[in-house]
Amino acid sequence: MRKTGKYDPRPSEITPEGVYLNRRTLIAGAVAAGLLPSIGWSESEPTGAQLRHSRNARLSTTEKPNSWEDITSYNNYFEFGTDKADPEVNARDFRARPWTVTVSGEAEVRGRYALEDILKPHALEERIYRLRCVERWSMVIPWIGFPLGDLIRRFKPTSRARFVQFTTLHDPRRMPGQRYPALEWPYREGLRMDEAMHPLAILGVGLYGRVLPNQNGAPLRLVVPWKYGMKSIKAIVGIAFTEKQPRNTWNVAQPEEYGFYMNVNPNVDHPRWSQARERRIGAGLFNEMQPTLMFNGYADQVASLYRGMDLAKYF
Amino acid sequence: MFDKFVRRILKPAVFLACLLPLSRLVAGAFGFAGVSLGANPAEEILETLGKWTLNFLFITLSVTPARELTGLAPLIRLRRMLGLFVFTYALLHFTTYLVLDQELDLAGVLEDVAKRPYITIGFAALLLLIPLAATSTNAMMRRLGRRWQKLHRLVYVIAILGVWHYYWQVKADVREPLVYAGILALLLGYRAWRAWQKKRRAQQQAGAKRASQSGLPAGPARRPQAS
């Protein structure tokens, strides 16, 4: 064994092997927890703190999920820019903690809650869902979350609560895209109470078993897989129980093109394009588009919610 | 000297440069040279080809102002080549839409052209480019004479339709289409101003001629301008 040299590290300075091997995970976890600013490399492997969860195979699709890279680099999130590539870059330094959610409206229990208190009682599940954007592209995404219905029950909405309204953070200092009125800020969305209570509707906190990246709507978002992606509002700070149908931002922006329900429906065209087919991200450039399924393939589970409703009128 | 430079060096160089946006897309489509077109390559290709159609259109429309403002007349040699690149990129943009978006469903294309206004005007712009491309040869220029000039004024209509097509296509963020509209306004505005200048000068010359014929004093002598 050679003699200790002048510049050799002292034993106390040597990084423990476990820390060394997990350094990227630890750094990314610290980033996700808002303790460190983002360092800035594009990840092709899932990063971020791991979330304990169970698998819900019954409510998951067996289709292969899209890659982490696709899911985290192709985002419609105008709060961070209107290009699909913008949110990954512009949301890097967004701190998703500390976070407050305000629950208000027609409910017995209301108030301002730290995110930890919102999330604490809920066991997390993995739900692999299809996501269909109104622009005709789609993905398969392995979300981590819990049923929205379980959260709603905690706040005991009254009989006057016929809808649930959600509001995104409004802070142009932290969300640079909000400095331009591409949409009316803050982003708002809503669900009918029976839609919100449906087992498929979840609040999402993670992706691929990790904490939700900023560009995917950290720290808390909605996922409603049978509706166009715009309904799955991101970065939620407000949940309100309302008697009247709430405003939803895209309907305010372009009422002839975007309604309230926004159920995935191949038979109801968007005014500027047909909705009969979609392009599955990751299928390859020269692969065909594929037929769009009624209610995004969740018709068996959700069609009963809309029995007797004119889906072309209530789009 | 400059003419030789334009013919032998500048024109080939510009030709190669015009191929760059296309070659980047081809590389990306096949994954060459580490070029990535992102998660939705079909959309990226369609959008890039469309924007470069407009970019080359604006570059083509800048040739005459550049000539007039710098006095470098041989630049005109670039204009036809640039115009044909506009046609090429427009055709590729349409082909991408036909193949990757409509999956060669011609009935679907016709339905789109009929039902979606932004596609109607995009398609109209493409159709109008065809006679311009077809009459771009020297032989055609000779055959049409003065009518060639009149026909090729269609490029102004095409430019307006192209920018409008882009504006109507975006979902919510109209900033970029508005920038394109602004640039087009400058390019068309320049021409409008030149046309107005020429008209004014012609009127003054006519006035001076009448004055000299009748023996009355004329205004300051003006050298006839080359058109």
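Two residues are in contact if their C-beta atoms, placed from the backbone, lie within 7 Å. The legends below describe close-up views of a predicted model.

**View 1. Chain A as a whole, with its long-separation contacts.** Among the contacts in chain A with a separation of 6 or more, 69% are between residues 24 or more positions apart. Chain A has 315 residues, and 40% of them count as buried. Its secondary structure consists of nine helices and 13 strands.

**View 2. The five-stranded open sheet of chain A.** The strands follow the order E3-E2-E11-E6-E7, and their pairing is mixed. E3(A) and E7(A), the latter spanning residues 188–192, stand at the edges; each has a single partner strand, so one side of each is left without a neighbour in the sheet. On average, neighbouring strands of this sheet are turned by 20° against each other, direction ignored.

**View 3. The hairpin between E2(A) and E3(A).** Strand E2 of chain A covers residues 100–105, and strand E3 of chain A covers residues 111–114. The two strands run antiparallel and are joined by four bridges. Five residues form the hairpin connection from E2(A) to E3(A). Thr100(A) stands opposite Ala114(A) of E3(A), while Val103(A) has Gly111(A), also in E3(A), as its bridge partner.

**View 4. The pairing of E2(A) with E11(A).** Strand E11 of chain A comprises residues 236–242 and runs parallel to E2(A). Four bridges join the pair. Within this pairing, Thr102(A) stands opposite Gly238(A) in E11(A). E2(A) thus takes its place in the sheet order between E3(A) and E11(A).

**View 5. Helices H3 and H5 of chain B packed against each other.** H3(B) is made up of residues 79–101 and H5(B) of residues 117–134. Their axes are 10 Å apart, and the packing angle is about 140°. The crossing of H3(B) past H5(B) is left-handed. On the H3(B) side, Gly83(B), Leu84(B), Val86(B), Phe87(B), Ala90(B) and Phe94(B) make the contact. H5(B) contributes Leu126(B), Leu129(B), Leu132(B) and Ala133(B). Sorted by class, the contact of H3(B) with H5(B) has nine nonpolar residues, one polar residue and no charged residues.

**View 6. The interface between chain A and chain B.** Here 16 residues of chain A are in contact with eleven residues of chain B. The side of chain B that touches chain A has six nonpolar, two polar and three charged residues.

Notes
Residues are numbered from 1 along each chain as its sequence is written. Chains are lettered from A and ligands numbered from 1 in the order in which they are written. This is a predicted model: local features need pLDDT of at least 70, side-chain atom pairs count only at pLDDT 80 or more; totals for chains, interfaces and linings use all residues. Ala, Val, Leu, Ile, Met, Phe, Trp, Tyr, Cys and Pro count as nonpolar, Asp, Glu, Lys and Arg as charged, and the others, Gly among them, as polar. A residue is buried if 20 or more other C-beta atoms lie within 10 Å of its own, exposed if 12 or fewer, and partly exposed in between; C-beta atoms are placed from the backbone. Two strands pair if DSSP finds at least two bridges between them. Axes are lines fitted to C-alpha atoms, for helices over the stretch in contact, and angles run from 0 to 180 degrees between N-to-C directions. A crossing is left-handed if the near helix is turned anticlockwise from the far one by less than a right angle, and right-handed if clockwise.
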